[in-house]
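Please work through the following exercises with the sequence and the model at hand. Each task is followed by a solution in steps.

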Amino acid sequence: MSTIHNSNGLRGEIAIPGDKSISHRAVMFGSLSDGLTEVTNFLQGADCLSTIDCFRKMGVEIENTPGKILIHGKGLHGLSAPSSVLDTGNSGTTTRLISGILAAQPFETTLTGDASIQKRPMRRIMEPLSMMGADITSINGNDCAPLRIRGSALHGIHYHSKVASAQVKSAILLAGLYADGETKVTEPVISRNHSEIMLRCFGAEVKTEGTTAGIRPQPHLTGQQVHVPGDISSAAYFIAAGLCIPHSELLIKNVGINPTRDGILKVALAMGGDITILNENREGEPTADLLVKSSRLHGITIQGDIIPTLIDELPIINIMAAAAEGTTIIKDAAELKVKESNRIDVMVENLTAMGADITGTEDGMIIEGGKPLYGAIVDSHLDHRIAMSFAVAALLAEGETTIKGRDCVNISFPSFYEDIKTLSQS
């Protein structure tokens with residue numbers, strides 16, 4: 001689909017690709033474990049494949065077979081020095097989390113990524129890792145990748161993070177695996193907790209209390225069987241399409257509904273969305289099926305503690321807000337400026353081009369909903385979440401929409417356009 005046209009509704013059933021955050025972590029923790037880790041429903045997106053590539057370069061045998069990933073773990077101290085630079089592609093998760101592991105290795109590593117990664121802020125991990133004794137340097141002196149990391153002896157700290165970021169928290173906890181004492185991270189509000197849940201499953205001693213997570217050093221990690229639930233961040237586009245496009249009814253199967261990630265559901269329900277949660281399973285990472293039906297949405301204010309639980313979903317929430325009646329105000333979301341693109345500026349630019357009434361603010365947006373959308377040429381800025389959000393907007397718009405850089409969706413959802421096409425009613 002080089003251009004996307006208005007839809008008469010989406011109907012049917014869809015299984016969402018595996019959760020990107022959990023897929024990354026399964027490879028990392030399996031590589032640091034003894035024995036075999038088997039991962040099913042792994043996300044075969046470019047970001048997660050970058051994580052596999054990095055660990056293969058450090059001597060881990062990883063078999064990417066049809067239906068499952070087999071990781072032959074090297075143990076906590078079994079990684080070997082890579083013979084070349086570790087390239088994380090477009091993956092901020094890989095870059096930040098692997099830095100915590102590399103900080104303790106008995107070798108030096110250079111870590112880089114694509115043009116987007118080389119603009120994303122790394123001071124937020126460099127500072128706490130340096131406090132632990134890490135030798136980590138921004139090669140260009142701008143607090144961004146490429147990074148030079150010389151492995152060092154690490155000691156435990158209690159770090160009070162200025163931002164609620166699972167990537168920052170996880171980098172510190174992973175470094176804490178190698179420290180000489182307990183390591184703790186306290187956040188302003190709790191961020192997604194996939195690392196804590198999965199590290200416990202692999203045998204680490206992780207404790208949480210309020211917004212503080214702590215880890216004891218030098219555990220014996222053992223390979224596990226990991227089934228990755230569907231990614232709620234990817235499901236969000238179908239949730240929004242199902243709610244906003246008339247005559248739609250979608251059953252979205254096996255979606256992760258971790259409470260640190262389910263902000264999109266809370267927002268959709270608060271806006272008047274018709275969503276029924278079915279077949280809920282609360283063992284380990286909680287999952288459910290979601291039945292979504294066309295709804296009349298209304299504007300709301302989104303701010304405060306809920307923001308970290310839906311930061312990646314705010315672009316598609318903008319599309320929902322444009323389709324809703326009334327005003328939607330988004331606050332406390334300055335983190336949008338330092339994602340794969342400046343998502344505040346990009347959403348304002350593209351939604352304005354389609355006829356929406358949207359104003360950017362320092363930490364969010366104000367959207368006056370209910371205005372008709374029109375097809376336009378929009379620029380994804382090679383940001384997968386922007387591209388998918390405007391694919392949904394295109395289904396709502398009169399005329400045809402062309403998305404520049406549309407193939408960036410391969411980072412997290414390679415079958416996205418084909419799935420949209422399959423579910424669309426002509």
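The exercises below treat ring pairs, a strand, a helix, and the pockets and cavity of this model.

The model is predicted, so local features need pLDDT of at least 70, side-chain atom pairs count only at pLDDT 80 or more, and totals for chains, interfaces and linings use all residues. Residues are numbered from 1 along each chain as its sequence is written, and side-chain values use heavy atoms, with hydrogens and water left out.

**Exercise 1. Aromatic pairs**

Task: State how many aromatic pairs a search of the whole structure finds, and describe the pair of phenylalanine 29 and phenylalanine 202.

Solution.

Step 1. Rings of Phe, Tyr and Trp (its six-membered ring) pair if their centres lie within 6.5 Å; planes under 30 degrees apart count as stacked, over 60 as edge-to-face and the rest as tilted. By this rule the whole structure holds 6 aromatic pairs.

Step 2. Phenylalanine 29 and phenylalanine 202 lie 6.2 Å apart from centre to centre, with 85 degrees between the planes, and the pair is edge-to-face.

Step 3. This pair links distant parts of the chain: phenylalanine 29 belongs to helix α1 (residues 20-31) and phenylalanine 202 to helix α6 (residues 194-202), 173 residues apart. Helices (H or I, at least four residues) and strands (E, at least two) are DSSP runs, numbered from the N terminus.

Step 4. Buried means under 20% relative accessible area, exposed over 50%, and partly exposed in between (1.4 Å probe, protein chains only). Phenylalanine 29 is buried because its relative accessible area is 1%, and phenylalanine 202 also counts as buried, at 1% relative accessibility.

**Exercise 2. A second pair and its surroundings**

Task: Explain why the pair of phenylalanine 416 and tyrosine 417 is classed as it is, and find what sits over the ring of tyrosine 417.

Solution.

Step 1. The ring centres of phenylalanine 416 and tyrosine 417 are 5.4 Å apart and the planes stand at 70 degrees, so the pair is edge-to-face.

Step 2. Phenylalanine 416 is buried, with 0% relative accessibility, and tyrosine 417 is buried with a relative accessible area of 9%.

Step 3. Ring pairs join Phe416 and Tyr417 with Tyr237, Phe238 and Phe413 in a cluster.

Step 4. A charge sits over a ring if NZ of Lys or CZ of Arg is within 6 Å of the ring centre and within 35 degrees of the ring normal. Over the ring of tyrosine 417 sits the charged end of arginine 406, 4.2 Å from the ring centre.

**Exercise 3. Strand β23**

Task: Determine which side chains of strand β23 are buried, and which strands pair with β23.

Solution.

Step 1. In a regular strand the side chains alternate between the two faces of the sheet. In β23 (residues 400-404), Thr401 and Ile403 point to one face and are buried, whereas Glu400, Thr402 and Lys404 point to the other and are not.

Step 2. Two strands pair if DSSP finds at least two bridges between them. Strand β1 (residues 3-5) runs antiparallel to β23 and is joined to it by 3 bridges; histidine 5 stands opposite glutamate 400.

Step 3. Strand β22 (residues 377-379) pairs with β23 in the parallel sense, over 3 bridges. Here valine 378 has isoleucine 403 as its bridge partner.

**Exercise 4. Pockets, a cavity and helix α3**

Task: Describe the largest pocket, the largest cavity and the burial of helix α3.

Solution.

Step 1. On a 1 Å grid over the protein atoms alone, a cavity is a set of points where a 1.4 Å probe fits but cannot get out, and a pocket is an open set with protein on both sides within 12 Å along at least five of seven lines; lining residues have an atom within 4 Å of a point. Grid points are joined across faces, edges and corners, and a volume is the space filled by probe spheres set on the points.

Step 2. The largest pocket holds about 590 Å³ of space. Of its 36 lining residues, Ala164, Ser165, Ile311, Glu335 and Lys339 lie nearest its centre.

Step 3. Helices α1, α3 (92-102), α5 (166-176) and α11 (384-396) each supply at least two residues of this lining, and α1 gives the largest share, 4 residues.

Step 4. The search finds 1 cavity of 30 Å³ or more. Among the residues that line the largest cavity are Asp19, His194, Arg261 and Glu285.

Step 5. Helix α3 is largely enclosed by the rest of the structure, because 11 of its 11 residues are buried. Among these are Gly92, Arg96 and Leu102.
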